[in-house]
Amino acid sequence: MKRSESAVDTMPEALRQSRYHMKKCFLKYVEKGKRMMKIHHLMEEMETVIEDKDERAQVLEGMFGYILCTTQEAAIVPPYVAFAIRPNPGFWEYVKINSNDLSVDGITATDYLKFKETIVDETWANDENALEIDFGAMDFKSPTMSLPSSIGNGVSFASKFITSKLYAQTSSQQMLVDYLLALNHQGEKLMINDTLNTISKLQSALIVAHASLSSMPNDTPYQSFDLRFKEWGLEKGWGDNAERVRETVGFLLEVLQAPDPINLEKFFSRVPTVFNVVLFSIHGYFGQSNVLGLPDTGGQVVYVLDQVVALEEELLLRIKQQGLNYKPQILVVTRLLPDATGTKCNQEMEPVLNTKHSHILRVPFRTEKGILRKWVSRFDIYPYLEKFTQDASEKIIEIMEGKPDLIIGNYTDGNLAASLMANKLGATLGTIAHALEKTKYEDSDMKWKELDPKYHFSCQFTADTIAMNSADFIITSTFQEIAGSKDRPGQYESHQAFTLPGLYRVVSGINVFDPKFNIASPGADQSVYFPYTETQKRLTTFQPAIEELLFSKVDNDEHIGYLEDKSKPIIFSMARLDTVKNITGLTEWFGKNKRLRSLVNLVIVAGFFDPSKSKDREEMAEIKKMHLLIEKYQLKGQIRWIAAQTDRNRNSELYRFIADSKGAFVQPAIYEAFGLTVIEAMNCGLPTFATNQGGPAEIIVDGVSGFLIDPNYGDESSNKIADFFQKCKEDPGYWKTISDGGLKRIYECYTWKIYANKVLNMGNIYSFWKQLNKEQKEAKQRYIELFYNLHYKNLVRTVPIASDEVVLAPKHV
Ligand code: UDP
Ligand code: LCN
């Protein structure tokens, strides 16, 4: 079978090939009535029908086998079975098969959604006025990419498209001039002044300037020719010396003469567009100490704090190279938490460590009763966001003495606030998902009604869809996040077409081929997470405390369990104690695998030990499960369970200490969006085993820079870990080969320097892109406003508002 053929064309033949078995199979699929089936369910049922192994293999090797392997799910409404088939990332097809006669119909995404809705809400599914959301309808003029290999490389595509527009339309060229004319910093003109208000005037001035610069020594400071430049209509911002100015002028001259994407990208990377940046990161405990491991407080906080440092550093460099002496300002805007429980989350302003001009700004949540004091889960945060954004916007404008040039949101709540503010002020908007919840829970869209009381997914998915459509650009950590892998849809991809039966049907939510998507992977702070071999930098003061943390024999508030045989290498894991992190899974794999237990000890850093002290429902359940597993598998003497650790310096030394023991890091999550611990461990030279479900599958090249493990197959995964340690025993050089492979991978792809450069280039290019596509953007924004006001706000009203007055038992228990 040719992969280029569509399923609707090949399915009839595929069914004909083994009609007898297929007939039985489809009757089996419909036997239990209406429901959803995943690929493993389809396979399992097939196994029961085609008992003979060889016959089954024959079917699976044929066309039907191929179609089945690319099927994501099937919806069953007897006598029909509808398949959602995904032959390649971003490409979907839908077919409906009648189990009685095996006739095949190709159906649209909308029809597929309607079909599957009938499983849960037939009346609504058949209502021809059921609300359909179609963001694609607003995109008819927008260019989209078509090659899967281009997904996530939006800047490059946008440059090509801008180039073609500049070529074809004088109006677009004039837009470029107008864009440059509008550049300013607090009213001070940059690059060109009003005398150069046409292409020809600009071009003539640049030719004169370029000629004069050619005769100057490279290091001539801008100040020595700025007056001459002014006479020609050119203002500061082109560069700090003759060489840089000449290059920048040269790039623009090339673009004006014959636009090409390379010079365009180079030119835009030089344009002084961004000085003031706002980053929204609202939920959890956003602080610089004593917060990691607290509920809803994990990698995002680490990411945002490192991001600020990297962005400020890059901004300072760029501003200097632009020949300007402005100070950049970055504000991280979060929630002020009066009940800060030992953190600084009740302080309004706090300078960001290792920066000169960046601050955390905290704004409280306000309700009709006044300021809300207590922490609320990120799932319950929606009622406060609109007011929070209004209050925060006022503060931000006051502090920055004007509007920010770039607003970046983080996670659903931050992205929604950022989009509300950016829309109001007309600022450029970037969003970062970190982890879209929709893919974390199976059928979370179809089951929204059942899950809403706990998670309020109706608000969350609506807010996510609004933010991703408002964004001028979307930053993702991996390709997987956008379009997944061969077998698994991406997090954004799962918002392409989905349905919340009874509420609305999204026939076009986001297109993964949209050029707004850009991959910029985070790094780990390399002044903290450095290799175990850099002995002179090692934080030796922590070593006695780490010895105690790992090896003392007492149980206390910080650790329980002990390690009988200290000479064994350690397998180490550290994560929030969420179900999806699967720390209990790892404990169980270890418990069950005698060979692994004989080779290594297990050290876990996660949560704490008393479930009654937890505010988080998932954490409570996981704590209880950990105790049960330690008991069940008699792990005392081979496991050390350490409570959540908040000191990143000490943590980094812990990773290195484990590396000294020739151990490994294990990240066993059921699903991990990116996984900062994975790159922290790799930065420390610690061989890493990480889940193949999500971002880590892209970070690690299996067997070269670490290992991938499948959380769905615990025995296989624990054996893979055991094999590694067995091999290290036989070949002591093997451990170092993997450790070095991990470090090489990090230095090539995962550093904050690479990140900051990419993100600021996005800020520059998309600020212009937004202007170029202004009318369309405005039309879409109107649609979004309608959706927000008429629908989202009603959904938010279903979320209970927290109160400080009554002390209730945690509501999710
Ligand atoms: N972390 C920590 N102490 C803990 C658990 C986690 O310092 O007890 C840190 C960890 O070092 C990493 C971050 O929290 O920097 C977790 O990020 P990751 O992306 O792995 O997961 P997330 O929690 O964001 O889902
Ligand atoms: C949230 C997650 O769940 C992690 O996978 C990421 O590493 C973290 O955010 C930072 O983006």
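## Domain layout

The centres of domain 2 and domain 4, taken over C-alpha atoms, lie 54 Å apart. The bounds come from an automatic or database domain assignment. That assignment gives domain 1 (7-107), domain 2 (168-182 + 191-269), domain 3 (276-523 + 756-797) and domain 4 (535-750).

## Basis of the model

This is a predicted model: local features need pLDDT of at least 70, side-chain atom pairs count only at pLDDT 80 or more, and totals for chains, interfaces and linings use all residues. Residues are numbered from 1 along each chain as its sequence is written, chains are lettered from A and ligands numbered from 1 in the order written, and side-chain values use heavy atoms, without hydrogens and water.

## The shell around ligand 2

Ten names make up the shell of ligand 2 (a residue is near if one of its heavy atoms lies within 4 Å). They are Gly299, Gln300, Tyr303, His434, Ala435, Glu672, Ala673, Phe674, Gly675 and Leu676. Domain 3 and domain 4 each supply at least three residues. Helix H14 (residues 299-321) gives the largest share, three residues; helices are DSSP runs of H or I, at least four residues.

By class, the shell has five nonpolar, four polar and one charged residues. Gly counts as polar here, and Tyr as nonpolar.

## Contacts and burial

Polar contacts are pairs of N or O atoms within 3.5 Å. An oxygen atom of ligand 2 lies 2.8 Å from a polar backbone atom of Phe674. For Ala673 the distance from a ligand 2 oxygen to a polar backbone atom is 3.4 Å. Taken alone, ligand 2 exposes 290 Å², and the protein buries 91% of that (Shrake-Rupley method, 1.4 Å probe).

Technical notes. Polar contact = N/O pair within 3.5 Å; in protein donor to acceptor, adjacent residues only side chain to side chain. Helix = DSSP H or I, 4+ residues; strand = E, 2+ residues; numbered from the N terminus.
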